[in-house]
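Colleague: Could you take one loop position and look at it closely, then follow its surroundings outward as far as the model allows? Please give the cut-offs as you go.

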Amino acid sequence: MRKLLLGTTAVAAAALFGASHASAQTAPTVRIGGFFEFTGGYIDDDADRNAVTIPAVGTNAARTVSRDKVDFRSDAEIHILVSGKAANGLTYGAAIELQVDNVTNSGGAGNGGVVDTDEMWMYISSPTLGQLQLGDQDNAADQLKVSTPGIQNLDQSGGWDEFTPPSGDGSRYLVTGINDGVDSTKIIYLSPQFFGFDFGISYAANQSEGENFLTPTGGIQRDGLGLTNEISGAVRYRGTFGGVGVATAFSAMRADAQESNGVLFGGVPVGLEDVTQYQAGLNLSAYGLTVGGYYSWGKFSGATRGVLREGLDNSTNWGAGATYRMGAFEVGAFFAEASRDNGTAVVAGAQLKDREQQLISVGAVYTLAPGLEMFANYTNIDNKNIANNATNPTNYASQRNRTIDVFIVGTRLSF
Amino acid sequence: MVRWRGNLLAGVALSLLAACGSLAENMRTPRQDEYNDDSRRSRVRGRLGGEDGILLFGTDRSSQRGTADQGSGIGVNAYLWRATLDTLSFMPLASADPFGGVVITDWYSPPSTNGERFRATAYILGRQLRSDGVRVVVFRQEMRNGAWVDVEVAASTGSELEDKVLARARELRSQNASN
């Protein structure tokens, strides 16, 4: 009987110790994760019309044809994930993400067969002091931001844009939340959560990432020829009031513009502004429904954190949307708009108007199994007043206005 | 004036102490998945295989924590199992099967009533921590003419013991959650 009692007590104790968050040291684990995605797209784009030039051959003159409207794409990443716990209660780990960008690369392979790193970073986390992240990771402003609610591949800058070529100013999408620092190597601090509030701050010395000491052009990344001293931060609140979940955040970032003698505007050199961007967002959720939006503004150009020349007004982005989840189904929709100042130049007798992009998107996701989803969505993109260059928009590109309709359907699995 | 100031200081000190207690209760470390992650991998609900990645090296302790409600290492809910043992510990144990979820006590006579004895059998019915997850049956015998004779037991006796088991399981669960 005594043996039986001891035995059962041991079983129960083992169960309880297994269940508790003991602060004993835990040997690190190494995992491999990743995703694979296949997407089919139907694209109706003004810029596709007569966009491809077929060269002349003999007596056959050169001619133009339109791009095909149907395309497939595949994408994949492999992640190596390390996590462990020290005897003093600190948890630590690393994530190394290997991506296949599926684009023509400088190596010339052109088949997307080159693998490079996406984010790669490590962390040390204290149960009371917060978390330190080191490496090529998204900045604090991005990690804590609150934006338009979205579902799988229904995004301001995800899904639809993969099937479209850039506009004359080099951008496919303009509407995004506050920029994520584009994986430049940085130090990030994320605080514990107090009464629903947490905050974070990050610093990157320059915009280079990885172990890149020598740049492809022969300089080194401390040359200051890209953005430097990028600092970002955010304060976030999450709580529940009467059954309604509230998430709100204010994010901000700034960076010094690259060393330069400015850009020529009207034949005169004009300086570049340091980059700033701010964002305020709010999401409310209850009964499977989430509604919310954000407003972002600052001195930035293009899609993320390009520099503005002096004399241009602030850029703005905003979006509002909703998602609803019913078991394995999730539906969502949003509207978003970006505005960029095209300056005061007069071209062909008229002053340039602001560059604008508007998105309307609606879609659905069905979870076939944990980690396996199907998605379908439709996005209408309306571009107006496209200029030739985001920094120095002195005239329009040939395609001033451009309307795109993109319907995508696909599947993605995560492991 | 001095007394007034002393009271004020004591009040401030008490408020600070209260705030400290409150701070500890309202402070937590966000999980890694509570931050925005632009990775396409992170935007899928769940993971194939149920775990976040395929384990290559090391022992997965976190999944044992994650499945505590389902009972790690035993066949039934760990909290209900431990709570049943705790609740019936005032009686001698005759048999306990952690995989089948059965606890059987030996006969037990309370010191105050030597003429009667009790025996209990508890069944833990599953891996979930839920109110109908445990069933307790109590048997009672009385000494009559030198022999033990079965006597009917009030139906509420078993359900009262079930309530005690559930209360204890809740207590264990909350202790674990606060760790």
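Modeller: A:Asn139 sits in the loop between strand 7 (130–136) and helix 2 (140–144) of chain A, where helices (H or I, at least four residues) and strands (E, at least two) are DSSP runs numbered from the N terminus. This is a predicted model, in which local features need pLDDT of at least 70 and side-chain atom pairs count only at pLDDT 80 or more, while totals for chains, interfaces and linings use all residues. Residues are numbered from 1 along each chain as its sequence is written, chains are lettered from A and ligands numbered from 1 in the order in which they are written, and side-chain values use heavy atoms, with hydrogens and water left out.

With a relative accessible area of 0%, A:Asn139 is buried, a term that stands for under 20% relative accessible area, against over 50% for exposed and partly exposed in between (1.4 Å probe, protein chains only). Leaving aside neighbours within four places in sequence, A:Asn139 is in contact (heavy atoms within 4.5 Å) with A:Asn179, A:Asp180, A:Gly181, A:Lys186, A:Ser202, A:Glu230 and A:Ser232. One of these partners, A:Glu230, is joined to A:Asn139 by a side-chain polar contact of 3.2 Å; such a contact is a pair of N or O atoms within 3.5 Å, and within protein one must be able to donate a hydrogen and the other to accept it, with residues adjacent in sequence counting only if both atoms are side-chain atoms. The C-alpha atoms of A:Asn139 and A:Val182 are 8.2 Å apart, although 43 residues separate the two in sequence.

The partner A:Gly181 belongs to the loop between helix 2 and strand 8 (185–190) of chain A, and A:Gly181 too is buried, at 0% relative accessibility. Again leaving aside neighbours within four places, A:Gly181 is in contact with A:Asn139, A:Lys186, A:Glu230 and A:Arg305; A:Lys186 and A:Glu230 are also among the contacts of A:Asn139. From A:Gly181 to A:Gln137 the C-alpha distance is 8.1 Å, across 44 residues of chain.

For contrast with these buried loop positions, A:Tyr324, in strand 17 of chain A, is partly exposed, with a relative accessible area of 33%. A:Tyr324 helps to make a nonpolar surface patch of about 930 Å², whose other members include A:Val244, A:Leu282, A:Met326, A:Phe329 and A:Met374. Patch residues have over 30% relative accessible area and no salt bridge, like charges being joined within 9 Å and nonpolar side chains (Val, Leu, Ile, Met, Phe, Trp, Tyr) within 5 Å. Here a salt bridge is a side-chain nitrogen of Lys or Arg within 4 Å of a carboxyl oxygen of Asp or Glu, and areas come from the Shrake-Rupley method with a 1.4 Å probe, only the protein chains shown counting as cover for residues. Strand 15 (275–286), strand 16 (289–298), strand 17 (315–326), strand 18 (329–340) and strand 21 (355–369) of chain A each supply at least two residues of the patch.

Chain B, finally, has 4 helices and 7 strands, and buried residues make up 32% of its 179 residues. In helix 3 (residues 78–87) of chain B, 8 of the 10 residues are buried, so this helix is largely enclosed by the rest of the structure. At its start, a side-chain oxygen of B:Asn77 comes to within 2.9 Å of the backbone nitrogen of B:Tyr79.
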